[in-house]
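Thanks for coming. I will go through one structure today, and I will keep to the contacts.

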Protein chains: 2
Amino acid sequence: MLEIIHLEIIQELDKQKSLTKAAETLCLSQSALSHTIKKLEQQLGVALWVRDGRYLRLTQAGLYLLSLSSRILPQLNHAEMMIQQYAEGKAGNLRIGLECYPCYQWLLKVVSPYLEAWPNIDIDVKQKFKFGGLDALENYEIDLLVTPDPIFKEDLLFQPVFDYEQILVVGKNHPLKDKKYIQPTDLLNEILITYPVPADRLDIYSQFLIPAGIVPHQHKTIETTDIILQMVESHRGVTALPLWLVKENMKQFKIAPVRLGKHGISKHIHVGIRKKDQELSYIQSFIDQAMAVELYG
Amino acid sequence: MLEIIHLEIIQELDKQKSLTKAAETLCLSQSALSHTIKKLEQQLGVALWVRDGRYLRLTQAGLYLLSLSSRILPQLNHAEMMIQQYAEGKAGNLRIGLECYPCYQWLLKVVSPYLEAWPNIDIDVKQKFKFGGLDALENYEIDLLVTPDPIFKEDLLFQPVFDYEQILVVGKNHPLKDKKYIQPTDLLNEILITYPVPADRLDIYSQFLIPAGIVPHQHKTIETTDIILQMVESHRGVTALPLWLVKENMKQFKIAPVRLGKHGISKHIHVGIRKKDQELSYIQSFIDQAMAVELYG
DNA sequence: TTGAACTATGCATTATATTCATAGTATGGT
DNA sequence: ACCATACTATGAATATAATGCATAGTTCAA
């Protein structure tokens, strides 16, 4: 009934007061415009213009639609520009899911330069998933999954973005502090503090303690890194964290890193996306920037 | 490019999640809808939906347009309703021009019942015109002219809406008070107070004094009726007003009416409209109500 | 009164939207 | 694993609507 072209016609016609001139700017013939407005008036059952001698003047109904069009058309124009941005991959919403606690610290380093480079991309970070990060990615709840445990599935694409060593963190005066590396048995009498996740997703268990059949004296879970490090600092326990994260916190806390095993635990953070999205430049750019982040160690 | 039907499709498709069902409510075939959305996506250069197995899910660009459509469509729907109102003559803007000072008092009596009867008609009252009321009417600055001096022109239509007698107003103790009617010579020593308009538009001049070649002792002009009546009340002058207006004010002011000449001055207020507008029911209704107004005397 | 500049209109043409018929694809039950 | 079902996609044919052409009608100013 009432189409966008009609609103444009009403505006242009009011500006030019002349069918012929308005037709020109609208890239139509005068005839087409005449036919169009006649049909519109017939459909609406209302005169929108009075033929005032040689020119046209809006009626009250026409004036009403003029005010409508000056409200509507800018919104539509803006929307088309935004869609253009989406089309070029310059606008969007990057929903990032995290499956590891210290990933958040790392993510912060990536996000701020990224936001500057992509002003029309908004970032959401989600840390909890009902069905786990993988499902969230497949179900379009998130667009990018940061995880230390990639799983290769047909429609998903994982790639490592940075490597780090998972080490033991002890207080400055802890007896293990000066060891070149520790053995699983060294933890027999320690209190181990970790984030509250299942033991099979903690590398210190899966790659270090469990293979040796060792269980620490006690296991406590704490949600936040700062509190964990305060506990470690005051010799209330030891923890396992990425080396780079420990180095960043060594000025603030009296703590020290110790290698876990002779060769250390080597970890790789992966970023997963849907294969369908791999061409999106704002996603590819995020991964590029993620790989470029400089971390201590 | 982006059409209203597209916004409707986006909404309906998001509601139903299914091309087939959405096509039904949109009164289209499934095929037509499929073609349409494919073309839209091609034109915009962006995917708006992901074909998620059997159903469709909006992409981020699609979600953006969904939010757009939920802002735009209600505005358009409302506009179409309003246009419908305009078409039925139930909405509009009645701009009334006044060419006589006491007309305003009379107008107030018409307006309030009219506004109740026509809730979507707004009334503007304009009392001053650069080029006079007639031109204002012809140039669509006003839609209805209230005037005691109709001029018959081809494109305009005047009709009398009420008759009244123009009388002299004097203070309660004025010597002329008890005369059955006065002669022009009776005003020789009086101070005549009028609204500030040219003498040829004052009936007391054109129909009473000038034919007799009489000029009053003094002539003062005052803009507001209340102040004029206060002056008359305190015997600072006399004035000429419609009888009905005087009767309305006799409780408030100590004043009295006296007939001007043996047969009085008979006046007719006319309402003028453009001939083109005579079918508009909200205008015709205004005139009907104007004629029905009850006035004293 | 006339010519220039505009608007309106019938008809032919072109472009666009829609449908039909059918192939392709995912889903859930057996 | 297969099949029936319910959906979407697509090419070609068709219907519908928009546009342009040619021209007539109107207005205005010189």
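Which residues come nearest to DNA strand C? They are L19(A), T20(A), R51(A), S31(B) and K39(B), out of 20 residues around that strand. Being near here requires a heavy atom of the residue within 4 Å of the strand. Sugar and phosphate make up 59% of the strand C atoms that come within 4 Å of the protein.

Before going on, some ground rules. This is a predicted model, where local features need pLDDT of at least 70 and side-chain atom pairs count only at pLDDT 80 or more, while totals for chains, interfaces and linings use all residues. Residues are numbered from 1 along each chain as its sequence is written, chains are lettered from A and ligands numbered from 1 in the order in which they are written, and side-chain values use heavy atoms, with hydrogens and water left out.

Back to strand C, and its phosphates. A polar backbone atom of L19(A) is 2.6 Å from a phosphate oxygen of this strand, and for a backbone N or O atom of S29(B) the distance to a phosphate oxygen is 2.8 Å. On the base side, a side-chain N or O atom of H35(B) is 3.2 Å from a base oxygen of strand C.

Now DNA strand D. The closest of its 20 surrounding residues are S31(A), K39(A), L19(B), T20(B) and R51(B). The side chain of K39(A) places an N or O atom 2.4 Å from a phosphate oxygen of strand D. H35(B) returns here: a polar side-chain atom of H35(B) lies 3.0 Å from a base oxygen of strand D. For H35(A), the distance from a side-chain N or O atom to a base oxygen of strand D is 3.1 Å.

Methods: A polar contact is a pair of N or O atoms within 3.5 Å; within protein, one must be able to donate a hydrogen and the other to accept it, and residues adjacent in sequence count only if both atoms are side-chain atoms.
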